[in-house]
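Me: Got a structure here that I'd like to go through. Can we start with the packing and then do the charged pairs?

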Amino acid sequence: MDYKDLFIQNIHILRELMFFRREDPPEISEDDFNKWIAEWFIVHQYADMYSLSKEYIELTQTTRYFLMQRCFENSYISGCSALDDYWACLSWNVDLTIMTNKDVKEELVVWNEKVFVYKTYVENYTDFVSHKPIELGNKAIWLRSNRHLNIATLELALVDLFSTQKYVMDIYDLHQHWIYLERLDAITDREKLLKIAQTTKQ
């Protein structure tokens with residue numbers, strides 16, 4: 001079968017995967033896979049992950065988070081990235097922040113944007129992580145409904161934000177992060193915040 005016909009035959013599988021490794025498409029030869037890359041049917045995204053090109057799939061900040069989740073097992077969105085989802089932080093000033101339980105600290109560049117990966121110091125952090133369904137535009141009708149992002153609760157995001165800093169943050173630092181203090185004051189569960197903070201291993 002011609003490599004172009006083979007691509008058309010498998011495009012629905014690749015769309016449903018969203019991001020895939022070399023071995024994920026079934027029964028695809030190395031030669032055909034390399035031709036797909038050469039023809040820009042698929043593109044390398046990060047590490048050993050690929051996706052369809054923008055001609056065939058919708059690539060957004062949401063899917064960038066999903067890519068990082070697939071690359072870093074047991075990870076979740078936190079810090080200012082999560083606070084932005086709660087309308088407590090100015091979105092255009094937000095670097096992508098991912099937390100994981102592994103001993104890792106990395107600064108990556110994915111699609112020309114920085115992604116920071118930190119280790120969480122919160123014990124039983126999965127108790128404070130929500131599973132938010134991925135919501136994309138009408139172009140994403142191919143997306144399976146069981147796709148979700150792991151995102152920290154507001155209180156876990158705050159604990160993670162402070163625990164990744166090398167110093168004690170003051171009011172100036174919070175303003176530098178463009179955090180809306182009045183909104184935080186109104187929506188933060190202080191008892192929950194204290195409970196999570198007390199479970200840190202620091």
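**Core and salt bridges**

Me: Before anything else, what does methionine 68 touch?
Reply: This is a predicted model. In it, methionine 68 is in contact with Tyr46, Ser75, Ile98, Leu108, Val110 and Val115, leaving aside residues up to four places away in sequence.

Me: And which residues touch the most other members of the largest nonpolar core?
Reply: Phe7, Trp36, Met68 and Leu83, out of 59 residues in that core. Helix H5, residues 154-163, gives the most to this core, with six residues.

Me: Switching to charges. How many salt bridges?
Reply: The count is five. One of them joins the side chains of aspartate 31 and lysine 35, at 3.5 Å from N to O.

Me: How far apart are aspartate 31 and lysine 35 in helix H2?
Reply: They are four residues apart in helix H2 (residues 30-38), so about one helical turn separates them.

Me: Buried or exposed, those two?
Reply: Aspartate 31 is partly exposed at 45% relative accessibility, and lysine 35 is partly exposed at 32%.

Me: Which residue does lysine 192 form a salt bridge with?
Reply: Glutamate 155, with the closest N and O atoms 3.9 Å apart. That pair links distant parts of the chain, 37 residues apart: lysine 192 is in helix H8 (residues 190-198) and glutamate 155 in helix H5.

Me: Is glutamate 155 buried or exposed?
Reply: Glutamate 155 has 5% relative accessibility, so it counts as buried. Lysine 192, at 28%, counts as partly exposed.

Me: What about glutamate 30, which partner there?
Reply: Arginine 22, through a side-chain salt bridge of 3.2 Å, N to O. Glutamate 30 is partly exposed, at 48% relative accessibility.

Key. Residues are numbered from 1 along each chain as its sequence is written. This is a predicted model: local features need pLDDT of at least 70, side-chain atom pairs count only at pLDDT 80 or more; totals for chains, interfaces and linings use all residues. Side-chain values use heavy atoms; hydrogens and water are left out. A nonpolar core is a set of buried Ala, Val, Leu, Ile, Met, Phe, Trp, Tyr and Cys residues joined through side-chain atoms within 4.5 Å. Buried means under 20% relative accessible area, exposed over 50%, partly exposed in between (1.4 Å probe, protein chains only). Helices (H or I, at least four residues) and strands (E, at least two) are DSSP runs, numbered from the N terminus. Contact means heavy atoms within 4.5 Å. A salt bridge is a side-chain nitrogen of Lys or Arg within 4 Å of a carboxyl oxygen of Asp or Glu.
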